[in-house]
Each structure stands twice: as C-alpha cells, then as structure tokens.
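Please look through the sequence and the structure below before reading on. The paragraphs that follow take the chains one part at a time.

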Amino acid sequence: MTIRHPGDDGFSNLSDHDSFIHGPPHHTFARLRREDPLAWTDGGQFKGFWSMTRYADIMEYNRNTRLLSSAQGIRIEDQSHEEYLARRTFQETDPPEHTHTRMLVGKAFSKPVIAGFEGIIRRLCEEILDQALAQKEFDAASMISRQLPMRMLGQILGIPPEDLDWLVTKGDELIANTDPEYTEHVLDKDDTEAFRLMPFRSPAGAELYRYAKRLVEDKAARGDTDGVLHLMLQPNAQGDRISDDEFRNFFCLLVAAGNDTTRYTLSAAIHALASQPELLGQLQQGQDTIWDTAADEFIRWASPTMHFRRTATADFELHGRKVREGDKVLYWFVSGNRDDSWFDRPFEIDLCRSPNRHMAFGQGGPHICLGMWLARLEIRVLLQELAMRVKSIRQSGDHEYVRSNFVGGIKRLPVRVVLK
Amino acid sequence: MTRITWKIEGDRDISGEVEDGLNLMEAAIAHDVPYIYGECGGCLSCATCHVFVEPEWLEMTGPVDDVEDAMLEMTDVERRKTSRLSCQVEVSPELDGLVLHVPIPE
Ligand code: HEM
Ligand code: FES
C-alpha cells in the first residue's frame, strides 16, 4: 500500500515545491525505487540533480564522503565558492575537518547529557499541554508542536523566554524559505540576490548572527556558565575550542535544525493519533516498552528532513547511470524510510517496530543528526504526557503542509480533544 | 572467518563466524546483537557501537586514536578501561576467539 494524494501520478517533479503541498509524493518515490533508483531531474532555476531513493544505496553512499561530499552545499541550490565560504557551517564540511568540530560540540548533545534534561522537558510539556488542552479545539501544530522544541532550545541555550518567538520565526525563515507563509523572500519566486552571502540566502540569517554574538557576550559578562552554550565553548581534552565564527554559524544551524524538524514530527504523530485512534489506545494500554520504540517509529513516519544533498567529486556509475564530477546527488531519506525492500510494511505505523533502523536522522554517515537524542526524548515525553491526559483526539478541519521539498511536514492541524 | 562472542549480561551469549575485513560493529549488526546500533555507519559520529573488550583481548584490538577517545566520552553507558567503539576494530584472524561484553543501558 502506498498513500497517494491527488496530483501524484508517480511522475511528480521533485524540484517543484508544489509537488509537496499535500505531503511527500510517496507514489512517485515508490516508482523511482522500483524503476529508476538514481533518477535525473531537471532543476528548473537551478542545475539539475540526481535522486537516490533506495534505502540500501543511501546507506552505502552516505559514509563515502570522499566521493559524495557535503563541502559544496547540502541544499539543492547552487552556490559559488564565495557564497559557500560565507554561509557554511560544519554540516557543510567533510571529514577530517568535520570530525574536528563534531568532537568539540558532540558531548553537549550526547545521550547521557541529554538524558539529564528529561525533567525539564516534562515540565515544559505539562505547561504546554495545560495551555493547549484547556481550549478543547485548537491548532495542534502551533499550540503544541511548535512550542516544545522552541522552549527546549531556549532552555538549553539560555535564551530569555521573551526572545523565543522571534528567534523561531527567524529560524523558519531560513529553512522554510520556499513557503510564502514563512518568508517574504521566497527562494524560487523572488530575487534573493542581495542576500546571497547570508546564511540560507536570507536576511534572517544576518539577524540571527547578530543575536548569537550578543547572547554570548552577555553571558560572558555575567559569568553565566549554565547550559549547552557554555559546554560548547569549553576546550576539549586536547585544548581546542570552536572559533567565534564557527560558533555563530553553529548557533544559526541549531535554531534552524533544532526546531522545525521536531515540530513536524510531533505534528505527524498527533495527526496519526487523530486519524488512527487505535494508536492512541496502544500508547495508553500497551506495555511500558512501547515507549522505547514509539518515538523512532513516528520519526521514521514523519521523515521531516526529506533530503540532503551531496556533490560528486569524481565520475561514477550506478544502476546504469553515469554521474559526473560536480553533479548534485540527493539522498531522499523520506523515500528510504518507505522502502519495502528494507522495512516490513513501511506504510504502516508499528509503534513496537524493533529494530527500527530508519534513516530520518541521516543514519549511515558522519553527519548523523547531532540533535537526535534530544529529538527522541522530546517526542517521547510529549506523547507520554499527551496520552495521559486525553481520551480522544479528532481532527476538526483540514491539515496543511509546508511548501517545501526539503524540510517539511504538517504546518496546520486543527484538532478537537476530549480529556480524561 | 573469525569467531567472535558477544556476552549480554542476564541474557544468552551470541557467537558467530565473521568475515575478515568487516569491522566489529558491522559484525554485531549482522548477528542481531542487541544494544549495538552503529547508527553513523562507522564514521565515529554516534558512539552507539560501544563494547567492553574482555581484558585479556584488549591489546589485540589495537590502539584508540584521539577521535575514538573523544567519542568514548559520549557513550550511553559510561566508558571503562576496556571500552572500544566497535566500528573502529577490523576483524582479522588474530582476533579468532575474541570475547566482547555488550553494555546494557539502564
Ligand atoms: C526529529 C527531529 C530531527 C530530524 C529528523 C533531524 C534530521 C537530521 C538529518 C537528516 C541530518 C543529517 C544532515 C546531512 O546528512 O547532511 C541532521 C543533522 C543535524 N541536526 Fe538534526 N534532525 C532533528 C532534530 C535536531 C535537533 C533537535 C537538533 C539540535 C538541537 C538538530 C541539529 C542537527 C545538526 C547540528 C546537524 C548537523 C550535524 C553534522 O553535520 O554533523 N537536529 N539532522
Ligand atoms: S558506528 Fe557510530 S561511532 Fe561506531
């Protein structure tokens, strides 16, 4: 079974953001996995690109950073070397340079450090749910999903609560820069030339840079040593510390990557609980071990970071296709996560799926999501708290998706809840 | 082929013949060893392939480099003197009979 939406005839144009406004074109991905696993797409306003859609291929190539490099950009857009240098973060580097930065920031996001946040996350979830559920009928995307990652990032970065909404709005402008609801400078429609050296080719990036700089200076002046920022700025065992530029870029990356991804996963989960009430029942009556597996299944299901791009550093051949040096290759994680040659019944949500070797976090390569332990914990705790409080959740209006082929998911989800 | 054994406290041992040239993380996954996930594919980015090496075998598994050492600070179960990230150890005939202990999270 695949889930088919109107307009997805199996030949959706993957470079067109409008192909994703009803959710990912899964019917097209299924056809590509079957018939054309390394497919060429003409790029429209950009150079064309290759799409890798099979689980096994992505797993095999993702670790081969010598052949398929992150160091010429990780989004579809073409950028000059000058633009690349001005805008890059460690996500846009390859080992060994990448390894160096990753070692410096990794500890702050490691599983044991993140596990220490469970209490804080639970308190935030209580606060958020008390506010949202009191209304009985509300937009779960903005009242629940958007709130938790935003407030949590505020906690771990030590950002004052009054700045949070501004910060997340800027983060959305960076990532969802193809949806007119989130930006005044729609990437594929307006002229963004003036912003080409700014992070994500967006003026919001420059504002975030300035904010990050001030935040660190203020904290230093106060002698504030709380939170992840401090931990990140500490020298490691070898005495190295990340540079100010690296830090500033990294801050933008966190605000961008740490918000909408978890948000869309939460919305996908709540949407699933509303449309398949038996799932809510399983969470409420199932064994406790269901909480070891449920979050990852929702993350696989949502796959909010639909693709990341690499660039070929040499010619190579795969499935009869000739990729040339300099060509862009997209890893469609969202497609790999529905590949039935790897997953049993990939189009079903199985909250006890184990093992669940999905690739929503970019598994199989050095760039595997730095925030994965945080995301997993936030999703588990929020769903635990939600399941404790509600008898039922029903959709009370149509849901809507972000206009993007990059990071996407449900941006509006009207629901009605009955409390226990 | 090289014989490797994974001991899982309170559970059965898993033992198997492993093809030389694979690393110990790939070998664990091929044998469905629980708690070894190897999520970054052996790129030293995840620390989800942590094992304790039976002390008498430790030297045979070779030296720990700086990156592995830093990543060992990020494991779920706290590192010990015998800790290795199993993606960093290549299976070779000299390791025939190797015994590993799988760290079990709380
Ligand atoms: C369900 C939620 C999330 C999903 C699905 C997700 C997905 C991903 C994916 C697929 C990558 C790999 C990119 C590549 O291969 O180029 C990645 C990298 C990254 N993610 Fe996440 N992410 C999530 C949550 C978070 C959170 C909460 C944070 C931070 C607080 C975060 C921070 C990062 C960073 C910094 C990187 C770059 C790592 C590197 O290049 O080494 N992510 N994420
Ligand atoms: S598999 Fe990720 S560090 Fe070994």
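Of the 106 residues of chain B, 50% count as buried. The model is a predicted one, and every value here is computed from it. Chain B contains two helices and five strands, and from the N terminus on these elements follow the order β-β-α-β-α-β-β. The radius of gyration of chain B is 12 Å, close to the 13 Å that the globule rule gives for 106 residues, so chain B is as compact as a globular protein of that length. Taken along the principal axes, the box filled by its C-alpha atoms is roughly 30 × 30 × 25 Å.

Contacts tell how the chain is folded back on itself. Among those in chain B between residues at least 6 apart in sequence, 62% join residues at least 24 apart. On the outside, chain B has an accessible surface of about 5,200 Å², and 47% of this belongs to carbon and sulfur atoms. Chain B carries 7 positive and 23 negative charges, and the mean positions of the two groups are 6 Å apart.

Now consider the nonpolar cores. The largest has 88 residues, and those with the most contacts inside it include A:Phe109, A:Phe250, A:Leu273 and A:Ile121. Which helix gives the largest share of this core? It is H17 of chain A, with eleven residues. Another core, of 30 residues, lies apart from it, and B:Met25, B:Trp57, B:Val91 and B:Val102 are among its members. Back in the largest core, A:Ile121 shows what such a residue touches: leaving out residues up to four places away in sequence, its partners are A:Leu148, A:Met152, A:Leu374, A:Leu377, A:Glu378 and A:Val381.

Helix H14 of chain A, residues 277-285, has four residues to look at: A:Leu279, A:Leu280, A:Gly281 and A:Leu283 are its buried ones. What do they pack against? Their partners in chain A are helix H13 (260-275), helix H15 (290-302), helix H17 (372-389) and strand E9 (390-395).

The last stop is a charged residue. A:Arg33 is found in helix H1 of chain A, which spans residues 26-35. Is A:Arg33 buried or exposed? Its relative accessibility is 9%, and buried means under 20%, so A:Arg33 counts as buried. Apart from neighbours within four places in sequence, A:Arg33 is in contact with A:Thr53, A:Arg54, A:Ser335, A:Arg338, A:Asp339 and A:Phe347. A:Asp340 is 307 residues away from A:Arg33 in sequence, yet their C-alpha atoms are 9.6 Å apart in space.

Key
Residues numbered from 1 in each chain as written. Chains lettered and ligands numbered in written order. Predicted model: local features only at pLDDT ≥ 70, side-chain atom pairs only at ≥ 80, totals over all residues. Heavy atoms only, no water. Buried < 20%, exposed > 50% of the residue type's maximum accessible area, 1.4 Å probe, protein only. Contact = heavy atoms within 4.5 Å. Core = buried A, V, L, I, M, F, W, Y, C linked by side-chain atoms within 4.5 Å. Rg over C-alpha atoms; globule rule 2.2 N^0.38 Å. Areas by Shrake-Rupley, 256 points an atom, 1.4 Å probe, with all protein chains shown as cover. Lys, Arg positive; Asp, Glu negative; His and termini not counted. Charge placed at Lys NZ, Arg CZ, Asp CG, Glu CD.
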